[in-house]
Amino acid sequence: MTKLTLGSHPYMLGFEQLERMLERSAKSGNEGYPPFNIEQTSQNSYRITLAVAGFAEDNLAITVEDRQLVIRGRQSDEAEDRLYLHRGIAARQFQRSFVLADGVEVGEAIMENGLLHVDLTRAQPEPVVQRIKINKG
């Protein structure tokens, strides 16, 4: 039995990168922390919201690496001088990754009431019609 992939389909040329992106997102292994929402705010814009209660802006980093939005959080360990009788609030580091399609750009990031909002926009490509000249051999 042969495995049918996007790259092996005769009418779909140049989609190997899409297949690699799908494999990379499947292997990302994101656990459930921190919880997040993804909403479509208009036809060409999205908003990712992460629940990052307890994190300050200085504890968060947002980067775009190889068409992948990466959000990292690391809290400073100031608990060394505290004696906890119960510690139920997570103070762990995290990394969340989101694969971005071509044309999706990261806009602004807003921190509000323990929620980190990251806005994304997708540019509408102009339809292109190109005529190819046939040369004599």
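Me: In which strand does T49 lie, and is this residue buried or exposed?
Reply: In this predicted model, T49 lies in strand β2. A residue is called buried when its relative accessible area is under 20%. The relative accessible area of T49 is 8%, so T49 counts as buried. The strand is β2, and the residue is buried.

Me: Which residues does T49 touch, leaving aside those up to four places away in sequence?
Reply: A contact requires heavy atoms within 4.5 Å. With residues up to four places away in sequence left out, the partners of T49 include L115, L116 and H117. The remaining names in the list are P35, F36, N37 and E39.

Me: What distance separates the C-alpha atoms of T49 and F36?
Reply: T49 and F36 stand 13 residues apart along the chain. F36 is also among the residues that T49 touches. The separation of their C-alpha atoms is 5.4 Å.

Me: What is the order of the strands in the open sheet of four strands?
Reply: The pairing in this sheet is antiparallel. Strands β1 and β6 are the edge strands, each pairing on one side only. Neighbouring strands are turned by 20 degrees against each other on average, direction ignored. The order is β1-β2-β7-β6.

Me: How many bridges join β2 to β7, and which residue of β7 is the bridge partner of I48?
Reply: Strands β2 and β7 run antiparallel. The number of bridges that join them is seven. For I48, the bridge partner in β7 is V118.

Me: How many bridges join β6 to β7, and which residue is the bridge partner of E112?
Reply: Strand β6 covers residues 104–112 and strand β7 covers residues 115–122. The two strands run antiparallel and are joined by seven bridges. The bridge partner of E112 in β7 is L115.

Me: What is the phi of N113, and where does this residue lie?
Reply: N113 is a residue other than glycine, yet its phi is positive. The hairpin of β6 and β7 has two residues between the strands. At 77% relative accessibility, N113 counts as exposed, because exposed means over 50%. Its phi is near 55 degrees, and its place is the loop between β6 and β7.

Me: Which strands stand at the edges of the open sheet of three strands, and why is one side of each left without a neighbour?
Reply: The three strands follow the order β3-β4-β5, with antiparallel pairing. Each edge strand has a single partner strand, so one side of it is left without a neighbour in the sheet. On average, neighbouring strands here are turned by 15 degrees against each other, direction ignored. The edge strands are β3 and β5.

Me: How many bridges join β3 to β4, and which residue of β4 is the bridge partner of T63?
Reply: Strand β4 comprises residues 68–73 and runs antiparallel to β3. Five bridges join the two strands. The bridge partner of T63 in β4 is V70.

Me: Where does R67 lie, and what is its relative accessible area?
Reply: R67 has a positive phi of about 60 degrees although it is not a glycine. Its place is in the loop between β3 and β4. The residue is partly exposed, a class that lies between the limits of 20% and 50%. Its relative accessible area is 22%.

Me: In which loop is P34, and what is its omega in the peptide bond from Y33?
Reply: The peptide bond from Y33 to P34 is cis. P34 has its place in the loop between α1 and β1. The omega of the bond is near -10 degrees.

Me: How do the residues lining the second largest pocket divide into nonpolar, polar and charged?
Reply: About 160 Å³ of space lies in this pocket. Its lining includes I38, Y46, I48, F98, L120 and R122. Strands β2, β5 and β7 each supply at least two residues of the lining. The division is nine nonpolar, no polar and one charged.

Me: What pattern does the protein follow along the sequence, and what share of its residues count as buried?
Reply: The secondary structure comes to one helix and seven strands. Read along the sequence, the pattern is α-β-β-β-β-β-β-β. Of the 137 residues, the share that count as buried is 22%.

Definitions and conventions:
Residues are numbered from 1 along each chain as its sequence is written. This is a predicted model: local features need pLDDT of at least 70, side-chain atom pairs count only at pLDDT 80 or more; totals for chains, interfaces and linings use all residues. Side-chain values use heavy atoms; hydrogens and water are left out. Two strands pair if DSSP finds at least two bridges between them. On a 1 Å grid over the protein atoms alone, a cavity is a set of points where a 1.4 Å probe fits but cannot get out, and a pocket is an open set with protein on both sides within 12 Å along at least five of seven lines; lining residues have an atom within 4 Å of a point. Grid points are joined across faces, edges and corners, and a volume is the space filled by probe spheres set on the points. Ala, Val, Leu, Ile, Met, Phe, Trp, Tyr, Cys and Pro count as nonpolar, Asp, Glu, Lys and Arg as charged, and the others, Gly among them, as polar. Axes are lines fitted to C-alpha atoms, for helices over the stretch in contact, and angles run from 0 to 180 degrees between N-to-C directions. Buried means under 20% relative accessible area, exposed over 50%, partly exposed in between (1.4 Å probe, protein chains only).
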